[in-house]
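Me: I am in my first year and would like a close look at a single part of this model. Please start from one residue and work outward to what lies around it. Plain language will do.

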Amino acid sequence: NSVIDFHQYRLHEQFEQRPELLLKNASGELVQIPIGNSTALYNVFDFSQEAARQLWAADCINAQKSGYIDGCFADRAGEENFVHNKLTPEKAEAYASGHDKVLQDVQRALGDNVLVANNDLIPGVSATMIEAFRSNEESIQRLQEAVSQKKLVEVHAGYFDSCKNITDTLAAFLIGAGEYSYYGCSAAWSVNADWLIWHPEYDKPLGKPLGPAAKEGAVYTRRFASGTTAAFDTSTNKGAIKWATD
């Protein structure tokens with residue numbers, strides 16, 4: 001996580017030994033934030049400080065050097081607003097700048113390997129995840145923007161749409177997808193049964209897109225080399241996929 005100092009990680013032990021590297025507000029109190037509906041509060045890494053950036057970055061960089069992994073995922077990459085924690089404007093700006101910088105530093109260290117910045121498009125960072133991707137035009141446009149920036153994109157559908165029938169979100173994905181775009185559906189961020197389902201659509205023929213999606217009125221359409229066609233109606237947020245084998 002690129003914001004929260006979760007207690008279960010070894011990195012937490014390292015920051016416990018360097019408490020001066022945790023984010024504090026204008027009164028010198030620790031900035032602490034909750035997770036979901038939990039009442040537990042967690043500290044935040046102070047990325048305005050170079051030493052904090054180096055300590056956090058080393059966790060991913062050293063893991064990649066092990067040879068067992070080839071990239072990292074940075075959750076909450078776009079979260080930089082701690083207005084309720086009473087940061088000074090100068091501190092808030094320094095934190096936001098440092099948050100982007102630590103991810104850029106990690107990407108440089110990883111070289112051609114992947115750093116996924118969750119819910120953010122950061123210059124110099126190779127990939128992003130669109131968490132809570134929905135069957136609507138906003139999600140399509142977010143995907144198209146990420147693709148236009150040549151990002152590898154992970155699309156996480158299922159927060160608001162059913163994973164039992166993935167037609168609507170998968171059609172929206174196909175309208176905006178690029179060469180390095182990937183789709184998955186799960187109702188939550190934890191590993192659960194949804195992630196383990198291999199939907200029959202995944203084995204359908206697709207092929208390269210014959211071009212970007214076209215929009216006529218409220219409806220996007222896109223055709224693929226296999227003969228498959230995807231359509232998405234933004235007035236109803238409903239999708240349709242005519243597979244080449246149907």
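Reply: Lys150 counts as exposed, because its relative accessibility is 76% (exposed means over 50% relative accessible area, buried under 20% and partly exposed in between, with a 1.4 Å probe and protein chains only). This is a predicted model, in which local features need pLDDT of at least 70 and side-chain atom pairs count only at pLDDT 80 or more, while totals for chains, interfaces and linings use all residues. Residues are numbered from 1 along each chain as its sequence is written, and side-chain values use heavy atoms, with hydrogens and water left out.

Lys150 sits in the loop that runs between α4, residues 137-148, and β6 (helices are DSSP runs of H or I with at least four residues, strands are runs of E with at least two, both numbered from the N terminus). The backbone of Lys150 has a phi near 60°. That value is positive, and Lys150 is a residue other than glycine.

Asn119 invites a comparison, since it too has a positive phi, of about 60°, although it is not a glycine. Asn119 is found in the loop between β4 and β5. At 33% relative accessibility, Asn119 counts as partly exposed, whereas Lys150 counts as exposed.

The strands beside these loops lead to the sheet. β4 and β5, on either side of the loop that holds Asn119, are members of an open sheet of five strands. Read across, the order is β3-β4-β5-β6-β7, and the pairing is parallel (two strands pair if DSSP finds at least two bridges between them). β6, which borders the loop of Lys150, therefore has β5 on one side and β7 on the other in this order. β3 and β7 stand at the edges with a single partner strand each, so one side of each has no neighbour in the sheet. From one strand to the next, the twist averages 20°.

The pairing of β6 with β7 can be followed residue by residue. β6 covers residues 152-157, and five bridges join this strand to β7. The two strands run parallel. Within this pair, Val153 of β6 has Ser181 as its bridge partner in β7.

A helix also packs on the sheet. This is α3, residues 89-110, and the strands that it touches are β3 and β4 (contact means heavy atoms within 4.5 Å). The direction of α3 makes about 160° with that of β4 (angles run from 0 to 180 degrees between N-to-C directions, along lines fitted to C-alpha atoms, for helices over the stretch in contact). β4 thus has several roles in this description: it is in the sheet order between β3 and β5, it is touched by α3, and it leads to the loop where Asn119 is placed.

Finally, the whole protein gives the setting for this part. There are five helices and 11 strands in the protein. Of its 246 residues, 40% count as buried; Lys150, at 76%, does not belong to that group. Taken along the principal axes, the C-alpha atoms fill a box of roughly 60 × 40 × 35 Å. Among the contacts between residues at least 6 apart in sequence, 59% join residues at least 24 apart.
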